[in-house]
Amino acid sequence: MTRERRLGILVPLAIFAITVVVFLPALQGQFLNWDDSTLFTKNHDFRGLGGPQLRWMFTTTLAGHYMPLTWLTLGLNYALGGMDPWGYHLTAMLLHATNAALFYLVARRLLAAAVGAAETGGTAVAGLPADVTAGAALAALVFAIHPQRVESVAWVTERGTLVSGALYLGAVLGYLRAVATTGDIRWRWGGVCSVAAFAAALLGKGMAISLPATLLILDVYPLRRAHGRWWAVIREKAPYLVVAALGALLILFARNRGAEWSAFSQFGIDARLAFAAYSFWFYPASTIWPIGLSPLHEVPVSPGLLQGRFLLPLLGLLAVTAILVVLRRRAPGALAAWAHSAVVVLPVSGIAHSGSQLVSDRYSYLAGLGWALLAGYGVIRAVDLRRQGRLSGWVSAVCAIGVVLLVTALALGTWGQSTTWRDSETLWRWATEQDPACAMCEAILGEAIVYGAPGGRVRLDEGEAHVRRAIALRPTMPLPQYTLGTMRLARGEYADAEASLRTYIQLAPGLSQGPARLALIYLVQGRTTDALPLLRRAQELEHRPAGDPMPHAAGPGSAATDDPSFVEAIRLMGDRWEDLEYLGQALVQQGQAARAVLPLERASALTPSSAGPRVWLVQAYEAAGRPDRAREELAALRRLDPVAAGRLSVR
């Protein structure tokens, strides 16, 4: 193997390794109370690669996304390592490092096209001059270890961005190969593989939908294919445009089915234009100055285009765009990067708004590629100026030191940012520090404090203080009322819990959590008749068939079978195994062990790998005078959690 070929292999391997090292703190992360619970810890449908799981993966629109290829990777994670978050984080880290190496390959071709490889000198690496390789390596590192990437790598929910990103970069690389030697695209391996990779990227996550527009931008610069043949380069994008149109239909279908759009009565045209202006400015600005990164940049209550928060980004957006257009011949790469960022961000800019976020750091994953390329171009330009004698030795040394400092600063920033994502409480404490006025952040922090670690009444009080602050910041926000109601339930303050949950139901009448949680309060109090209408309403809101069978029936002799309405209530609770466990625990503590058996049996059947329901089921069987069943459950518990089993004894 020649020295040139060895270097051609070692450079992307070094980029891969550096990326992995910088993100090592992410391996310590847990599942978070920020979508991870909905998608993973409470979701049994993705766990494995059997027929039922595959059928679910290719039909679900959970959380408003259709991403079967992403679910396949998550199902594989579960098959290999169960629900240990370490394996999910390792896969994410390796995927991102792979994307860094892929982007290096893309950057080499684009930078070579930008400067004209034949015009540069120096030692060649894999067929291209060393300065192009150095520039591509820097571009890949700036992309890979930028603190903006942390959310996409350290948050398990964000797997789709990594899967889609890999296929997106593969599609770009295929396109560059297909147009490398002739004026027209070659519809053989390069072109066909590029379109196929684009289609697969959309099945990973919909953010890749802007690829056809990006390819047109690349045709203008740096490929310079569009001059005098605009119609030809647009026409050759027809396969990409067809795939994009089909992808758009899938995205809209999934969003309409699995999430909610913000109503125009809530955010009108003025607000949506403000969102768009802010978004187009935010991502380039936070690339240059990544301060204030947060899991949630909360959307304001009453936004307007003429408010200072939105007017200044709008003016900056217009000014920078005008400057780049004027300088388009002297700095075409800057205009191309600016345009690429805009077309990637456009679908999530807020014109069609959904969710509680104004902007999200994760949307920078593809949008930031152009800015990373500009950093790489800077290296090539500096080397060229030095070669021409237009850059002195000491200035060249300062530039080299600046590159080293830049990479070091990005690496340290990303390392530190990764540690903030290790658990829910740490993450949301960071978020409230970045934005003390973020009501949603306060509410989720309160929830994380209460459920994150045992601490008795002190922790409950601290969590409630944050939830009450969230209510004070935004009285009409539903989530804090739900969380407060749950906290009051844990305290045994049933009347106050009922009041909070009724407020939640008024604020969010279309969500099933409110009726289901209020029904739980009634069941704990023995008010089964009052609970049944609420459970039926929750079932309707979840679009579950009215005839859902009991996944697990009570054993013969269970006292619960003497109360048909209670049996019906347990059936209507569906797969809410945590509610079933809580109900069983409360009944055991109230001395109603025989009645507790049914919900605990069903909870154990729904989540056979969880120790919690079995801990209470052992106690329920023993207190109900069924020691044989208690011993059986204790034996099963020992296999799941020997420590928890060691605290129990059966006569």
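User: Why does V403 count as partly exposed?

Analyst: The relative accessibility of V403 is 30%. Buried means under 20% relative accessible area and exposed means over 50%, with partly exposed in between (1.4 Å probe, protein chains only). The value of 30% falls between these two limits, and V403 therefore counts as partly exposed. This is a predicted model, in which local features need pLDDT of at least 70 and side-chain atom pairs count only at pLDDT 80 or more, whereas totals for chains, interfaces and linings use all residues. Residues are numbered from 1 along each chain as its sequence is written, and side-chain values use heavy atoms, with hydrogens and water left out.

User: Where is V403 found, and with which residues is V403 in contact?

Analyst: Helix α18 (residues 393-419) contains V403. Helices (H or I, at least four residues) and strands (E, at least two) are DSSP runs, numbered from the N terminus. Contact means heavy atoms within 4.5 Å; when neighbours within four places in sequence are left aside, V403 is in contact with L138 and V379. From C-alpha to C-alpha, V403 and G378 are 9.9 Å apart in space, with their positions 25 residues apart in sequence.

User: What makes V163 buried or exposed?

Analyst: The relative accessible area of V163 is 8%. That value lies below the limit for buried residues, so V163 is buried. V163 belongs to helix α8 (residues 159-178). Residues up to four places away in sequence not being counted, V163 touches T70, T73, L95 and G204. V163 and T70 stand 93 residues apart in sequence, but their C-alpha atoms are 6.2 Å apart in space.

User: How do you know that C438 and C441 form a disulfide?

Analyst: The sulfur atoms of C438 and C441 are 2.3 Å apart. A disulfide is a pair of cysteine sulfur atoms within 2.5 Å, so this pair qualifies. A search of the whole structure finds one disulfide. The link of C438 and C441 is right-handed, with 70° about the S-S bond. Both C438 and C441 are buried.

User: Why do C193 and C399 count as partly exposed?

Analyst: C193 has a relative accessibility of 39%, and C399 has one of 34%. Each value lies between the limits for buried and exposed, so both cysteines count as partly exposed.

User: What makes α20 roughly parallel to α22?

Analyst: Helix α20 (residues 439-452) and helix α22 (residues 478-491) pack at an angle of about 20°, their axes 9 Å apart. Axes are lines fitted to C-alpha atoms, for helices over the stretch in contact, and angles run from 0 to 180 degrees between N-to-C directions. Angles under 35 degrees count as roughly parallel, over 145 as roughly antiparallel, 65 to 115 as roughly perpendicular and the rest as oblique. An angle of about 20° is under the first limit, so α20 is roughly parallel to α22. Residues of α20 in the contact include M440, A443 and I444, and those of α22 include L479, P480 and T483.

User: How is the crossing of α20 and α22 described?

Analyst: The crossing in which α20 passes α22 is left-handed. A crossing is left-handed if the near helix is turned anticlockwise from the far one by less than a right angle, and right-handed if clockwise.

User: Why is α1 roughly parallel to α6?

Analyst: The axes of helix α1 (residues 3-22) and helix α6 (residues 130-144) cross at roughly 20° and come within 10 Å. This angle too is under the limit for roughly parallel helices, so α1 is roughly parallel to α6. The crossing of α1 and α6 is right-handed. In α1, V11, I15, I18 and T19 meet T133, A137, A140, L141 and A144 of α6.

User: What makes up the largest nonpolar core?

Analyst: A nonpolar core is a set of buried Ala, Val, Leu, Ile, Met, Phe, Trp, Tyr and Cys residues joined through side-chain atoms within 4.5 Å. The largest such core has 115 residues, and those with the most contacts inside it include I15, F103, Y168 and W428. Helix α5 (residues 85-115) gives the most to this core, with 13 residues. Apart from it lies another core of 48 residues, A630, L634, L637 and L648 among them.
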